[in-house]
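Work through the exercises below with the sequence and the structure open. Each task is followed by a solution in steps.

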Amino acid sequence: MSVLDSKVPKGPLAEKWVNHKNHINLVNPANKRNIDVIVVGTGLAGGSAAATLAELGYNVKTFCYNDSPRRAHSIAAQGGINAAKNYQGDGDSNFRLFYDTIKGGDYRSREANVHRLAEVSSNIIDQCVAQGVPFAREYGGLLDNRSFGGVLEPLQAAPVIIEDGAFIGSRCIVVEGVRVGKEAVLGANVVLTMSTKIIDVTGDEPVETKGVVPARSVVIPGSYTKKFAAGEFNVPCALIIGKRKESTNKKTSLNDALREYDVAV
Ligand SMILES: Cc1cc2nc3c(=O)[nH]c(=O)nc-3n(C[C@H](O)[C@H](O)[C@H](O)COP(=O)(O)OP(=O)(O)OC[C@H]3O[C@@H](n4cnc5c(N)ncnc54)[C@H](O)[C@@H]3O)c2cc1C
């Protein structure tokens, strides 16, 4: 069996490439012109590397073939680039770009390399600009920049959390950061958004909450009457009609709950 050696440098994740860069041998400027560097492909990566290395004094040879200009993805790109510039002051950072890229890569990317990508992103975009790559700009002249990722929710948004042992019935919808507590039971068709009223009807008075289904609650879809300009209409809500018993094991308590409260799943 062959083992893939990615040759990622040693050390803590965030320092691997910085350490490596700090410890590799430097080339005497006078020797640079004696070194041939071959660059294959002249998209943004190859083109900018070739220009940069040539400017440093290396003897650069570039090779590229294009059956059509669109062969270079750099020509096809839509104009955005990920760089943690944080011009908007919205908390964008190297870490957020790192984390977002790891998530966007379905956790399969090499983390140290992604970290390096994030930490050099701000400089790379400046280098691209200096080398003539056009980017959209604000009227004030700054790069038109925003916090943006393939996968991150807006900073304020929370993920939906379904805790251990919860039972989600058929055709349920749980969105917008709603939290379903441990071993809770959602009957068929329960829809929970952050604005859905969750009404506990097990006591003398209804108790209303939003966004959280307490642990072991048994929930079914319901509706309440709401006044609008055009009259009164029924609006969907979720009703907590009972609790799964803590004393019995999960399987038995789920069956009990479904039978006892006649919950469709
Ligand atoms: C439609 C589209 C939209 C995109 N939009 C965005 C965006 O908005 N933002 C963003 O950040 N990214 C975007 N991307 C991704 C981004 O364009 C690429 O990741 C990036 O341009 C890759 O740059 P590159 O220099 O590595 O490769 P390329 O730009 O693809 O350059 C590779 C070059 O090498 C040449 N070549 C290949 N094989 C050989 C060979 N054997 N010998 C010689 N030459 C060879 C090719 O012809 C080509 O010219 C987009 C990509 C596409 C296709």
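**Exercise 1: A strand pair and its register**

In this predicted model, Val185 stands opposite Val218 in β12.

Task: State how many bridges join β7 to β12, and whether the two strands run parallel or antiparallel.

Solution. Step 1: take the bounds, residues 185-186 for β7 and residues 217-228 for β12. Step 2: count the bridges between the two strands, which gives two. Step 3: compare the directions; β7 and β12 run parallel.

**Exercise 2: The whole sheet**

Task: Give the strand order of the six-stranded sheet and identify the strands at its edges.

Solution. Step 1: follow the pairings across the sheet, which give the order β4-β7-β12-β13-β9-β10. Step 2: the sheet is open, and its pairing is mixed. Step 3: β4 (167-168) and β10 (207-210) each have a single partner strand, so one side of each lacks a neighbour in the sheet and these two stand at the edges.

**Exercise 3: A hairpin**

Task: Describe the pairing of β9 with β10 and the connection between them.

Solution. Step 1: β9 spans residues 197-200 and pairs with β10 in the antiparallel sense, over four bridges. Step 2: for the register, Ile199 is found opposite Glu208 in β10. Step 3: six residues lie between β9 and β10, and the two strands form a hairpin.

**Exercise 4: The nonpolar core**

Task: In the largest nonpolar core, which residues touch the most other members, and which strand supplies the largest share?

Solution. Step 1: the core has 22 residues, and Val185 and Val219 touch the most other members. Step 2: β7, β12 and β13 (231-243) each contribute at least two residues to this core. Step 3: β13 gives the largest share, five residues. Step 4: leaving out residues up to four places away in sequence, the contacts of Val219 include Ala184, Val185, Leu186, Val213, Ala238, Leu239 and Ile240.

**Exercise 5: The ligand shell**

Task: How many residues surround the ligand, and how do they divide into nonpolar, polar and charged?

Solution. Step 1: the shell holds 21 residues, the closest being Gly41, Gly43, Ala45, Ala72 and Ser74. Step 2: two elements, α3 (44-56) and α4 (73-76), give two or more residues to this shell. Step 3: sorted by type, the shell has 10 nonpolar residues, 10 polar ones and one charged.

**Exercise 6: Domains**

Task: Where do the domain bounds fall, and how far apart are the C-alpha centres?

Solution. Step 1: domain 1 covers 13-130 and domain 2 covers 161-260. Step 2: their C-alpha centres are 50 Å apart.

Definitions and conventions:
Residues are numbered from 1 along each chain as its sequence is written. This is a predicted model: local features need pLDDT of at least 70, side-chain atom pairs count only at pLDDT 80 or more; totals for chains, interfaces and linings use all residues. A residue is near a molecule or strand if its C-beta atom, placed from the backbone, lies within 6 Å of it. Ala, Val, Leu, Ile, Met, Phe, Trp, Tyr, Cys and Pro count as nonpolar, Asp, Glu, Lys and Arg as charged, and the others, Gly among them, as polar. Two strands pair if DSSP finds at least two bridges between them. A nonpolar core is a set of buried Ala, Val, Leu, Ile, Met, Phe, Trp, Tyr and Cys residues joined through C-beta atoms within 7 Å. A residue is buried if 20 or more other C-beta atoms lie within 10 Å of its own, exposed if 12 or fewer, and partly exposed in between; C-beta atoms are placed from the backbone. Two residues are in contact if their C-beta atoms, placed from the backbone, lie within 7 Å. Domain bounds come from an automatic or database domain assignment.
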